[in-house]
Amino acid sequence: MSFLLFLSILLCAPAATPPESSCSGDEARAKMADALYRDDDFRGYVCEGKKCSLDEFRAGVEYHQETLRAKPEVLGCFVEPVNKATSLPTGFFMLKHAEPELQFIFVGIGLGPMPDHRVVNGYEVLVGSERTDPGTWSDSYYVWNGKAYVLRNTKTRGERQAEVTRASR
């Protein structure tokens, strides 16, 4: 009898909602969408150059988060259009005291922590890629300067590979 009671409680319990201190929280998502909706270029991309409401805009973006610092935990929220193309905007926010703070908007082919999880000043280095010419890819590196993420440098993949080759000699 107690097993059936437990099972009915488990099946009728509301689904767990993400904590508001994550990029998945409704309040955080609303604030991030509001900030990006005010940016003419980001809104233009998501709305495909047409007028759209804030609700339509919100339906046209998706969110994911990355841990930028383990202790104390600091999360980064990345907001991108649902409809992808060769080049697209990514809104990057940091969660500070559960409040999303827009750091910058990157236009290219994705933005996120480096694959090797390189850390500078206690925070993950971010890299964004873009195709500058048919045969040229560039990577932009962003580091934490103690107050905000800033562009450290941009290198073509050929320049980066030459540095790796020189360093391995």
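The following dialogue examines how the terms applied to this predicted model are justified.

Modeller: In this predicted model, local features need pLDDT of at least 70 and side-chain atom pairs count only at pLDDT 80 or more, while totals for chains, interfaces and linings use all residues. Residues are numbered from 1 along each chain as its sequence is written, and side-chain values use heavy atoms, with hydrogens and water left out.

Biologist: What makes residues 26-37 a helix, and how does the span of H2 stand against the expected one?

Modeller: Helices are DSSP runs of H or I with at least four residues, strands are runs of E with at least two, and both are numbered from the N terminus. H2 has 12 residues. The expected span is 1.5 Å times one less than the number of residues. For H2 this gives 16 Å, and the helix reaches 16 Å from its first C-alpha to its last, close to expectation.

Biologist: Which residues of H2 are called buried?

Modeller: They are Ala28, Met32, Ala33, Ala35 and Leu36. Buried means under 20% relative accessible area, exposed means over 50%, and partly exposed lies in between (1.4 Å probe, protein chains only).

Biologist: What puts these buried residues on the same side of H2?

Modeller: They cover an arc of only 160° around the axis, which puts them on the same side of H2. The arc is taken from the directions that lead from the helix axis to the C-beta atoms. The cover over the buried residues of H2 includes helices H3 and H4 and strands E1, E2, E3 and E4.

Biologist: Why is the pair Lys31 and Glu27 called a salt bridge?

Modeller: The term requires a side-chain nitrogen of Lys or Arg within 4 Å of a carboxyl oxygen of Asp or Glu. The N to O distance for Lys31 and Glu27 is 3.3 Å, so the pair qualifies. Both residues lie in helix H2, 4 residues apart, about one turn of the helix. An α-helix has 3.6 residues a turn, so residues three or four places apart point the same way.

Biologist: Why do Lys31 and Glu27 count as partly exposed?

Modeller: Lys31 has a relative accessible area of 31% and Glu27 one of 47%. Both values lie between the two cut-offs, so both residues are partly exposed.

Biologist: What makes Glu99 part of a network with these residues?

Modeller: The side chains of Glu99 and Lys31 meet in a salt bridge at 2.8 Å, N to O. This pair links distant parts of the chain, with Glu99 in strand E4 and Lys31 in helix H2, 68 residues apart. Glu27, Lys31 and Glu99 are thereby linked in a network of salt bridges. Glu99, at 36% relative accessibility, also counts as partly exposed.

Biologist: How many salt bridges does the structure hold?

Modeller: The structure holds 7 salt bridges. One of them joins Lys84 and Glu62 at 2.5 Å, N to O. Here Lys84 lies in the loop between E2 and E3 and Glu62 in strand E1, 22 residues apart.

Biologist: How do you know that E5 and E8 pair?

Modeller: Two strands pair if DSSP finds at least two bridges between them. E5 and E8 are joined by 3 bridges, so the condition is met, and the strands run antiparallel. Leu111 stands opposite Gly128 in E8.

Biologist: What makes E5 and E10 edge strands?

Modeller: The open sheet has 4 strands in the order E5-E8-E9-E10, with antiparallel pairing. Strands E5 (111-113) and E10 (149-156) each pair on one side only, and are the edge strands.

How values were computed:
Contact means heavy atoms within 4.5 Å.
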